[in-house]
Amino acid sequence: MNEILISSISKMVGDEKPASILDINKLKELAHLNDDSLQNELDILEKNGYLVVKYANNKIKRIIINASFPN
């Protein structure tokens, strides 16, 4: 798992979980990822049950962070 992405998500949501991330561009900037690499990394976290990714028009629109997300 991408530790920089996990850290970036944690910074954005703080201690409140479950939570949502709507500012995908800010997350990409914090994690130093482009669209494709972000999607690939989020797929791994989603398969582990840590989050749910919502799409619209083939773009990430919302990331729902589950309570089980690593700190």
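Buried here means under 20% relative accessible area, exposed means over 50%, and partly exposed is whatever falls in between, with a 1.4 Å probe and protein chains only. Helices (H or I, at least four residues) and strands (E, at least two) are DSSP runs, numbered from the N terminus.

This is a predicted model, so local features need pLDDT of at least 70 and side-chain atom pairs count only at pLDDT 80 or more, while totals for chains, interfaces and linings use all residues. Residues are numbered from 1 along each chain as its sequence is written, and side-chain values use heavy atoms, with hydrogens and water left out.

**Helix H3**

Let's start with H3, which runs over residues 35–47. Its 13 residues reach 18 Å from first C-alpha to last, close to the 18 Å expected at 1.5 Å a residue; that expected span is 1.5 Å times one less than the number of residues. Leu38, Leu42 and Leu45 are the buried part of the story in H3. They sit on the same side of H3, because they cover an arc of only 55° around the axis (the arc being that of the directions from the helix axis to the C-beta atoms). Flip to the other side of H3 and you find Asp36 and Lys47 exposed. As for neighbours, the buried residues of H3 pack against H1, helix H2 (24–31), E2 and E3, where contact means heavy atoms within 4.5 Å.

How do the ends of H3 look? At the N-terminal end, Asn34 acts as a cap, with a side-chain oxygen 3.1 Å from the backbone nitrogen of Asp36. After H3 comes Gly49, with a positive phi near 80°. Asp43 also belongs to H3 and is partly exposed at 26% relative accessibility. Between Asp43 and Val53 there are 8.1 Å in space, C-alpha to C-alpha, and 10 residues in sequence.

**Salt bridges**

Side chains of opposite charge can pair when their charged atoms come close. The rule used here asks for a side-chain nitrogen of Lys or Arg within 4 Å of a carboxyl oxygen of Asp or Glu, and the count comes to 2 salt bridges.

| Salt bridge | N to O distance |
|---|---|
| Asp35 with Lys28 | 2.4 Å |
| Asp35 with Lys59 | 4.0 Å |

The Asp35 and Lys59 pair links distant parts of the chain, with Asp35 in H3 and Lys59 in strand E3 (residues 59–65), 24 residues apart. Through shared partners, Lys28, Asp35 and Lys59 join into one network. Is Lys28 buried or exposed? At 16% relative accessibility, Lys28 is buried, whereas Asp35 is partly exposed at 40% and Lys59 is partly exposed at 46%.

**Rings and the H1 side**

For aromatics, rings of Phe, Tyr and Trp (its six-membered ring) pair if their centres lie within 6.5 Å; planes under 30 degrees apart are stacked, over 60 edge-to-face, and the rest tilted. That gives 1 aromatic pair. Tyr50 and Phe69 have ring centres 6.3 Å apart and planes at 80°, so they meet edge-to-face. This pair, too, links distant parts of the chain: Tyr50 is in the loop between H3 and strand E2 (51–56), Phe69 in the segment after E3, 19 residues apart. Phe69 is buried, with a relative accessible area of 3%.

Phe69 turns up again next to Ser10, which touches Phe69, Pro70 and Asn71, leaving aside residues up to four places away in sequence. Ser10 sits in helix H1 (residues 3–13) and is buried at 18% relative accessible area.

Methods. Polar contact = N/O pair within 3.5 Å; in protein donor to acceptor, adjacent residues only side chain to side chain.
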